[in-house]
Amino acid sequence: MKIEKFTESYREREETASALEKMLEKRMETEKTAKMLQGGELQKSEHAGRQPEIRRDLPNCREAMVTGNPFGEASKMDFLQGDNPYLAKGNCGLVSISNALRRIGIDVTEDDVTKYAIEKGLCAFNAYGDVCSNGGTWAELRQQIMRGFGVESDVCYSWSNGSLENIAAAIDRGEGVVISVNSDLLYGNDMGCVPQAGQFLSNHCVAVTGIAREAGTGEIKGVFIADSGRGKPEDACRYLTTEEFHEAYTSVYNSCANITRKR
């Protein structure tokens, strides 16, 4: 009887020690991540050459560490597409390119990018057609347009190298990022074009401008975008929770990101 009690007591102490060891490992990992965010690897990029901004006003973070400087860059972001002399109202991808390039230090405007794309035949354009279709692009065209402004980029699909984690890493490095999304899911209209596969199609582009992480754990909690689709000033720095981001981007058929390469 004494032996059984001793064995049981020993087993309980062993289980407790194991649990404490796991808690300690988790705490050490959390501290390591927090230190990295505060002054380590995330500060290697020139664009992010500042401490991540601490925010306590995001809806799903008690204390957020924000990289990419989306609030500081908001005044540079174009939130109104179609404001050009080329009859191109559907140029969300072109405006997003100008926003992404501006973030990495290339001073271009919607007019500059739209003019270049039309002249090079790198966007949809019909002077006698529907102006809302003029300026439309797809990922490979956006890649060629960026190259025309001296910037190489990669086309990264959401189910592989265009994942949220890879996009976040690109923002941390100071790269420009343009993603294709479904506008109806992004705006909560629930009227997206559904293909035979039963998924929503990508039909709109935005630029990613920042990433929010929970300060204590390093977990990605949200994404900042510059969106020209609605013409709202607040969309120059719009915040999406990770759930909203995945709904409008990751879950969308054929969604992808154009991510600039280190220069």
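Reader: Let's start with helix H6, residues 164–173. Which of its residues are called buried?

Author: This is a predicted model, so take everything here as computed from its atoms. In H6, the residues that count as buried are Leu-164, Ile-167, Ala-168, Ala-170, Ile-171 and Asp-172. The label needs a relative accessible area under 20%. Right after the helix comes Gly-174, which has a positive phi of about 90°.

Reader: How much of the whole protein gets that buried label?

Author: Buried residues account for 48% of the 263 residues. The fold they belong to has eight helices and eight strands. As for how the chain meets itself, take the contacts between residues at least 6 apart in sequence: 62% of them join residues at least 24 apart.

Reader: What makes Asn-258 a buried residue?

Author: Asn-258 has a relative accessible area of 0%, and the cut-off is under 20%, so it is buried. Asn-258 sits in strand E8. Leaving out residues up to four places away in sequence, Asn-258 touches a list that includes Ala-139, Arg-142, Gln-143 and Met-146, along with Ser-153, Asp-154 and Val-155. Gly-176, Val-177 and Val-178 are also among the residues it touches.

Reader: How far is Asn-258 from Ser-180 in space?

Author: Their C-alpha atoms are separated by 8.8 Å, though Asn-258 and Ser-180 are 78 residues apart along the chain.

Reader: Several of those contacts of Asn-258 carry numbers from helix H5. Which H5 residues are buried, and what covers them?

Author: The buried set in H5 is Ala-139, Leu-141, Arg-142, Gln-143, Ile-145 and Met-146. Their cover includes helices H3 and H4 (110–119). It also includes strands E3 (153–157), E4 (177–181), E5 and E8 (256–260). Just past the end of H5, Gly-150 has a positive phi of about 85°.

Reader: On to pockets. What volume does the second largest pocket have, and which residues sit closest to its centre?

Author: The volume of the second largest pocket is about 250 Å³. Its lining has 18 residues, and Thr-137, Trp-138, Arg-142, Ser-180 and Ser-202 are the closest to the centre.

Reader: Which element gives the most to that lining?

Author: H5 does, with three residues. Helix H3 (92–103), helix H5 (139–148) and strand E5 (204–214) each supply at least two. Sorted by class, the lining of this second largest pocket holds 10 polar, six nonpolar and two charged residues.

Reader: Now sulfur. How many disulfides are there, and how do you know what to make of Cys-205?

Author: There are zero disulfides in the structure. For Cys-205, the closest cysteine sulfur belongs to Cys-92 and lies 4.8 Å away. A disulfide needs the two sulfurs within 2.5 Å, so this pair is too far for a bond.

Reader: Are Cys-205 and Cys-237 buried or exposed, and why?

Author: Cys-205 has 5% relative accessibility, which is under the 20% limit, so it counts as buried. Cys-237 comes in at 17%, and therefore it counts as buried too.

Reader: What about salt bridges: how many are there, and why is the pair Glu-63 and Arg-56 called one?

Author: The structure holds nine salt bridges. In the Glu-63 and Arg-56 pair, N to O is 2.4 Å. The cut-off is within 4 Å, so the pair qualifies. Arg-56 is exposed because its relative accessible area of 61% is over 50%. Glu-63, at 28%, falls between the two limits, so it is partly exposed.

Reader: What makes Glu-152 and Arg-147 a salt bridge, and how accessible are the two?

Author: Their closest N and O atoms are 3.0 Å apart, which is within 4 Å, so the label fits. Glu-152 has a relative accessible area of 32% and Arg-147 has 40%, so both count as partly exposed.

Reader: And why do Arg-230 and Asp-235 get the salt-bridge label?

Author: N to O is 2.9 Å for that pair, and the limit is within 4 Å, so Arg-230 and Asp-235 form a salt bridge. Arg-230, at 33% relative accessibility, is partly exposed, whereas Asp-235, at 2%, is buried. Elsewhere, Glu-53, Arg-55 and Asp-57 are joined into one network by salt bridges that share partners.

Note on methods: Residues numbered from 1 in each chain as written. Predicted model: local features only at pLDDT ≥ 70, side-chain atom pairs only at ≥ 80, totals over all residues. Heavy atoms only, no water. 1 Å grid on protein atoms, 1.4 Å probe; cavity = no way out; pocket = protein on both sides within 12 Å on 5 of 7 lines; lining within 4 Å. Points joined across faces, edges and corners; volume = space filled by probe spheres on them. Helix = DSSP H or I, 4+ residues; strand = E, 2+ residues; numbered from the N terminus. Nonpolar A, V, L, I, M, F, W, Y, C, P; charged D, E, K, R; others polar. Buried < 20%, exposed > 50% of the residue type's maximum accessible area, 1.4 Å probe, protein only. Contact = heavy atoms within 4.5 Å. Salt bridge = Lys/Arg side-chain N within 4 Å of Asp/Glu carboxyl O.
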